[in-house]
Amino acid sequence: MKIFIGILLSVSISFISKAQIAYKFAIIGDYGKAGINELNVSNLVKSWNPEFIITLGDNNYELGEQSTIDSNIGKYYSDFIYPYTGGFGAGDSVNRFFPSMGNHDWYTDAASAYLNYFQLPGNERYYDFVKGNIHFFVLDSDPNEPHGVDSNSVQALWLKNSLAASSQKFNLVYFHHPPFSSGAHGNNPYMNWPFSKWGADAVLAGHDHTYERIILNGFPYVVNGLGGKSIYSFNTPVTGSVVRYNNNYGAMIGNAYNDSVVFKFYTVTPTLRDNFKILPAKKKLFLTILPEGFYNAGSGISVTDTIKVFLRKTVSPYEVIDSASGYSNSAGNVSLEFVNALNSTAYYLAVKHRNSVETWSASGNSFSGNKMNYSFTVSVTQAYGNNMKLKGAKFCIYGGDINQDGFIDDSDLSSVDNDVFISAAGYLNTDLTGDNFTDIDDLSIADNNSFLSAGIIRP
Ligand SMILES: [Fe+2]
């Protein structure tokens, strides 16, 4: 019996651990130099059995020539390449090798050996692809790139627009020349693009033959150039440098989970040298909303209060995807952070306030680059079913739904009436003006809106 339970237990444990990890991918940089170091790194990578490999540039030392490319790349990694026409085996039946271009790849004939050797998406120099919940963006950081390499270039505009359109949980950007590095080559300021602002979650690069992890404003920049060519020394650590390693060759493995990506850097022995995790970026909603009784049209100032927003799918039954609460300021602005929402995915905003009618946005709205702005107050058409009331120059949500059942009716009126009768004071749902007293002003708002049969209007 004990044996039977033991088997059951081990079966269920292995099932759980396999279910959690979606897939593994390997990350190698500055690797393309045939020899024992590249061999050792490629054996480490293959021991992980990754679904695919990404490279951080310098795929073919020394000069990016046709005559060296297959012995520098295919000899070690042909099992991942499709179509593969080199001399080391049959290649794969689907491409699982996604390189980026380094300076050494550009040294001969405008990178023609590289561009002929690989068959990649888009223009092949910079491109993107999606695997599971990760959208990968591959840049060409070499100054020979015809579409430019600074943050205003055609290439950068492509990245900005592509990141804004990505609906994946994670967006990883990788290329060769690191924006920040404590290694011998150092920083490449022209590659310091606003990656985080545009919606990326991490940047991976190579060029310096070191391993380094730099965290700036919570955003990870990795240098991983120990793939087999040579090893560089470090200079004075740059700002934000938290891990530096340069004593042996190695590679990274990325473990993609449903709600995180875990990166590990191993050297060839194999020894774990770094380990870090990224989580989905919080999505920020900058909302403007005014509960009618709380807003004073004369002064233009609103009493502050808690606002709760539910993000709902735009198709029936309009399932709730996420919710968040925030505290409005005197202009009715409130910022809310969501953890489950995705970019470029439309949601209805269903707004709740302690004694107002639940009010929905007119249509689905999307986060872009982890941000969304939405104002209910600028037009009645901002609310689904035009369900707001004009007060001064601002559209406000109806007050009076004390019991939050979606309607303003006798039961709400009677609650307010009772509290007026006892001169109730404090933070009460019957206080429709937010002045901490339940009085005749509150009763009047509820009475008017009850007369209008105000209530929730939703799809
Ligand atoms: Fe390089």
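**Sheets, cores and local backbone features of the predicted model**

Leu311 stands opposite Asp322 in strand E18. The structure is a predicted model, in which local features need pLDDT of at least 70 and side-chain atom pairs count only at pLDDT 80 or more, whereas totals for chains, interfaces and linings use all residues. Residues are numbered from 1 along each chain as its sequence is written. Helices (H or I, at least four residues) and strands (E, at least two) are DSSP runs numbered from the N terminus, and two strands pair if DSSP finds at least two bridges between them.

The pair of residues named at the outset belongs to an antiparallel pairing of E17 and E18 over 7 bridges. These strands are part of an open sheet of 4 strands in the order E18-E17-E20-E21, with antiparallel pairing. E18 and strand E21 (359–360) are its edge strands; each has a single partner strand, so one side of each is left without a neighbour in the sheet. Between strand E17 (306–312) and strand E18 (320–327) runs a loop that contains Pro317. The peptide bond from Ser316 to Pro317 is cis, with omega near 10°.

Another open sheet consists of 6 strands in the order E3-E2-E1-E11-E12-E13, and its pairing is mixed. At its edges are strand E3 (97–98) and strand E13 (271–278), each of which pairs on one side only. Helix H2 (residues 36–47) packs on this sheet and touches strand E1 (21–28), E2, strand E11 (250–257) and strand E12 (261–267). The direction of H2 makes about 15° with that of E11; axes are lines fitted to C-alpha atoms, for helices over the stretch in contact, and angles run from 0 to 180 degrees between N-to-C directions. Strand E2 (residues 52–55) and E3 run parallel and are joined by 2 bridges, with Phe97 in E3 as the bridge partner of Ile53.

Ile53 also takes part in the interior of the model. Leaving aside neighbours within four places in sequence, Ile53 is in contact (C-beta atoms, placed from the backbone, within 7 Å) with Phe25, Ala26, Ile28, Val45, Tyr77, Phe80, Arg96 and Phe97. The largest nonpolar core has 68 residues, and Ile27, Ile53, Leu172, Tyr174, Leu204 and Ala251 are those with the most contacts inside it. Such a core is a set of buried Ala, Val, Leu, Ile, Met, Phe, Trp, Tyr and Cys residues joined through C-beta atoms within 7 Å. Apart from the largest core lies another, of 38 residues, among them Phe294, Val334, Tyr398 and Ile402. In soluble globular proteins, nonpolar side chains tend to be buried together.

Strand E8 (residues 211–216) has two antiparallel partners in the pairings described here. With strand E9 (residues 219–224), E8 shares 6 bridges, and Leu216 has Phe219 as its bridge partner in E9. The hairpin of E8 and E9 has 2 residues between the strands, and Asn217 takes a positive phi near 50° there. With strand E10 (residues 241–245), E8 pairs over 4 bridges; in E10, Ser241 is the bridge partner of Ile214. Ile214 is also touched by Phe180, whose further contacts beyond four places in sequence are Asn187, Tyr221, Val238 and Gly240. Phe180 is placed in the loop between strand E6 (170–174) and helix H6 (195–198). Phe180 counts as buried because it has 21 C-beta neighbours inside 10 Å; a residue is buried if 20 or more other C-beta atoms lie within 10 Å of its own, exposed if 12 or fewer, and partly exposed in between.

The axes of helix H7 (residues 410–421) and helix H8 (residues 440–451) come within 9 Å and cross at roughly 165°. That angle makes H7 roughly antiparallel to H8, the term applying to angles over 145 degrees. Residues of H7 including Leu413, Val416 and Val420 meet residues of H8 including Ile440, Leu443 and Ala446.

Further backbone features occur in loops. Most residues other than glycine have a negative phi, and most peptide bonds are trans. A cis peptide bond, with omega about -5°, joins Tyr61 and Glu62, and Glu62 is placed in the loop between E2 and helix H3 (66–77). Asp109 is not a glycine, yet has a positive phi of about 50°; this residue is in the loop between E3 and helix H4 (112–117). Gln404, likewise not a glycine, has a positive phi of about 55° and is placed in the loop between strand E24 (394–396) and H7. Gln404 is partly exposed, with 16 other C-beta atoms within 10 Å.

Conventions: Two residues are in contact if their C-beta atoms, placed from the backbone, lie within 7 Å. Angles under 35 degrees count as roughly parallel, over 145 as roughly antiparallel, 65 to 115 as roughly perpendicular and the rest as oblique.
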